[in-house]
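Reader: Hi! Could you walk me through the charged pairs and the cysteines in this protein?
Author: Happy to, let's look at it together.

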Amino acid sequence: MRHTAEGTDRPADRRRAPDRAVLAPFPAVDTLICADLDGTLVPPSPPTPDMARHTADLRELCGRLPAHPRLALVCVTGRRALNAREILASPLWVAGVHGAESLAPYAYEALPHPRSVPHLPAVRRVARLIRELALCPPEMHIEDKEVVLAVHHARLPAERAASRLSRLASLGRASGMEVVAGRGWTEIRPPGSPHKGDAVAEMVRRWRPRRLVVAGDDHGDLAMFEAADRLVEEGSIDRATCVAVRGPGADPECLRRAQVVLEGPDACRTWFRGLARSLATGGGARVDVPARH
């Protein structure tokens with residue numbers, strides 16, 4: 001059945017903020033996992049030669065975890081939510097573009113976060129200006145994610161990228177946008193854009209878990225770690241575990257802040273399987289999977 005808005009037969013408006021029906025709480029779970037995708041569940045872009053193996057194993061995991069009534073898995077990613085859904089090949093909740101949009105299981109379209117909606121026209125204007133002014137050379141790809149603009153420049157020499165990025169950043173800030181740099185990418189975002197920590201907090205409000213596990217590898221994933229700590233302090237959850245995945249370009253602060261450090265996406269998926277087995281047999285937080293700090 002196609003996802004509809006306000007009980008009508010028309011498709012849900014992607015520019016419309018989620019209504020109360022969409023945000024209704026779900027059955028409470030014991031453990032909620034909020035996991036990044038690239039660099040955490042699968043290797044980071046660009047794809048590695050064995051990406052097909054990683055993707056097949058991830059899809060098997062995503063098909064297995066929903067069978068555990070005490071466990072819920074949410075993907076929190078910088079990708080568009082629909083793009084992440086294609087990789088996962090499973091009807092999971094996906095918080096896309098760092099939390100600026102959400103995709104419900106079986107929905108056909110992602111809904112923008114309420115804070116993103118007023119700024120969508122401004123994002124369109126900046127995207128049009130970048131094209132008209134030809135600010136991106138062929139080696140620098142700009143990806144219009146609707147709620148943000150992502151500039152991919154990993155293939156461009158650092159010095160050349162710096163001059164181009166300076167012009168893009170100036171244009172973005174002059175248009176009232178925020179400019180955020182990552183690993184081989186730079187994003188132009190509306191002011192006060194939702195981040196991954198916002199997505200984690202919203203999912204905790206919906207699922208009402210006792211324990212939260214957040215997993216990531218990049219600088220943007222630190223917002224999930226910070227949200228996990230804050231939710232424990234507030235008493236919203238009993239316990240939080242921050243998992244960092246070590247790999248090429250992993251953020252040193254992620255590795256430092258995590259309670260568990262795993263060696264690559266293979267180890268992360270294995271760790272999640274161990275957690276699911278522990279819960280299925282009545283276990284709690286401890287999982288007998290090697291971890292390094």
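Author: Below we talk about salt bridges first and cysteines after that. Before we start, this is a predicted model, where local features need pLDDT of at least 70 and side-chain atom pairs count only at pLDDT 80 or more, while totals for chains, interfaces and linings use all residues. Residues are numbered from 1 along each chain as its sequence is written, and side-chain values use heavy atoms, with hydrogens and water left out.

Reader: Cool. How many salt bridges does the structure hold?
Author: There are 26 salt bridges. The term means a side-chain nitrogen of Lys or Arg within 4 Å of a carboxyl oxygen of Asp or Glu.

Reader: Which residue does Asp 57 form a salt bridge with?
Author: Its partner is Arg 273, and the closest N and O atoms are 2.9 Å apart. Asp 57 sits in helix H1 (residues 51-64) and Arg 273 in helix H8 (residues 264-280), so this pair ties together parts that are 216 residues apart in sequence. Helices here are DSSP runs (H or I, at least four residues), numbered from the N terminus.

Reader: And is Arg 273 buried or exposed?
Author: Arg 273 counts as buried, at 16% relative accessibility, whereas Asp 57 is partly exposed at 25%. Buried means under 20% relative accessible area, exposed means over 50%, and partly exposed is in between (1.4 Å probe, protein chains only).

Reader: What about Arg 206, which residue is its salt-bridge partner?
Author: That is Glu 202, with the closest N and O atoms 3.1 Å apart. The two are four residues apart in helix H5 (residues 196-207), so about one helical turn separates them. Arg 206 is buried at 3%, while Glu 202 is partly exposed at 24%.

Reader: Where do Glu 253 and Arg 256 lie?
Author: Both are in helix H7 (residues 252-257), three residues apart, or about one turn of the helix. They form a salt bridge too, and their closest N and O atoms are 2.5 Å apart. Arg 256 is exposed at 59% relative accessibility, and Glu 253 is partly exposed at 27%.

Reader: Changing topic: how many disulfides are there?
Author: Zero. A disulfide would be a pair of cysteine sulfur atoms within 2.5 Å. For Cys 75, the nearest cysteine sulfur belongs to Cys 62 and is 7.7 Å away. Cys 75 is buried, at 2% relative accessibility.

Reader: Why is Cys 254 not bonded to Cys 242?
Author: The sulfur of Cys 242 is the closest one to that of Cys 254, but at 9.0 Å it is too far for a bond. Cys 254 is buried as well, with a relative accessible area of 0%.
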